[in-house]
Amino acid sequence: MSILKKLFTAVRGGAREAGEAIVDANGIRIFEQEIADAQNALHRAKKSLTEVMAKEMQTKRKISAVDASIAEHEAYAGQALEKGNEALALEIAEKIGDFEAEKVENEQVLAGFSNHIVALKQQVKDAEKSIKENQRQLTMVKTTESVQQATMAVNSTLNTNSSSMTSARQSLERIKQRQQDRSDQLGAAKQLESDVNGDDLKAKMAEAGIGDTSPKSADILARIKAKQNG
């Protein structure tokens, strides 16, 4: 029994860890949804507040109407007394009493609405402040998360591709060496062609003034000058 209990505890512990892992992995998304839920609740609270404020306005109008009725009937009672009709004046006074009782009742209702409105306005104000603070924190958290993910991605890429980059540099060096080898081969081929055709020997003889019987321009010009002077 003790073993089964421990196994059950282990399973519950594993489920808790898995749940925490899911929450951690989706923390920003959950926080965003919580803010959205709070905004929806605030919207409903504001709607309720406007409804209560409308009831308050209606109650104030009722009280004003009752006050007008009281004033009106007080005038009627005065007229009845002026005419000596005290019975009618008493009946009117009873009606005025009904109006005053109605006024007291409406004033109690109005006080309830007013107190409720004050409390609701404060709650709305606090909720708005809290939502704005959470939105600010969300922006900071998302920015930090993006920067950290980018940094981790760069580090991961560099670590993963370090061998590839080394291999790429080695390939580049091999290409450069191959190009140099090809350039040397072309130079050697050109030198060999010159040796076979005797170009190199001709160049050396011409430089020494040997074998080149074609007149130079300077010599031709000197000869022409000599003829003119002769």
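This short talk goes through the helices, the nonpolar core, the salt bridges and one charged patch of the chain shown above.

Please keep in mind that this is a predicted model, in which local features need pLDDT of at least 70 and side-chain atom pairs count only at pLDDT 80 or more, while totals for chains, interfaces and linings use all residues. Residues are numbered from 1 along each chain as its sequence is written, and side-chain values use heavy atoms, with hydrogens and water left out.

Let me start with the overall layout. The secondary structure comes to six helices and zero strands, where helices (H or I, at least four residues) and strands (E, at least two) are DSSP runs numbered from the N terminus. Of the 230 residues of the chain, 11% count as buried, and by buried I mean under 20% relative accessible area, with exposed being over 50% and partly exposed in between, using a 1.4 Å probe and protein chains only.

Turning to the interior, the largest nonpolar core has nine residues in all, among them Ile35, Leu49, Ile117 and Leu138; such a core is a set of buried Ala, Val, Leu, Ile, Met, Phe, Trp, Tyr and Cys residues joined through side-chain atoms within 4.5 Å. Helix α2 (27-82) and helix α3 each supply at least two residues of this core, and the largest share, five residues, comes from α3.

Next come the charged pairs. The structure holds four salt bridges, each being a side-chain nitrogen of Lys or Arg within 4 Å of a carboxyl oxygen of Asp or Glu. In one of them Lys46 pairs with Glu128, the closest N and O atoms being 2.6 Å apart. Because Lys46 lies in helix α2 and Glu128 in helix α3, this pair ties together parts that are 82 residues apart in sequence. Lys103 and Asp67 also meet in a salt bridge, at 2.8 Å from N to O, and this pair links Lys103 in α3 with Asp67 in α2, 36 residues apart. Glu133 and Arg136, by contrast, both lie in helix α3, three residues apart, about one turn of the helix, and their closest N and O atoms are 2.7 Å apart.

Finally, the surface. Glu91, Glu94, Asp98, Glu102 and Glu105 form a negative patch, where a patch is made of residues with over 30% relative accessible area and no salt bridge, like charges being joined within 9 Å and nonpolar side chains (Val, Leu, Ile, Met, Phe, Trp, Tyr) within 5 Å. Of these, Glu102 lies in helix α3 (residues 86-160), and Glu102 counts as partly exposed because its relative accessibility is 36%.

Notes:
Accessible areas come from the Shrake-Rupley method with a 1.4 Å probe; for residues, only the protein chains shown count as cover. Lys and Arg count as positive and Asp and Glu as negative; His and the chain ends are not counted. The place of a charge is taken as NZ of Lys, CZ of Arg, CG of Asp or CD of Glu.
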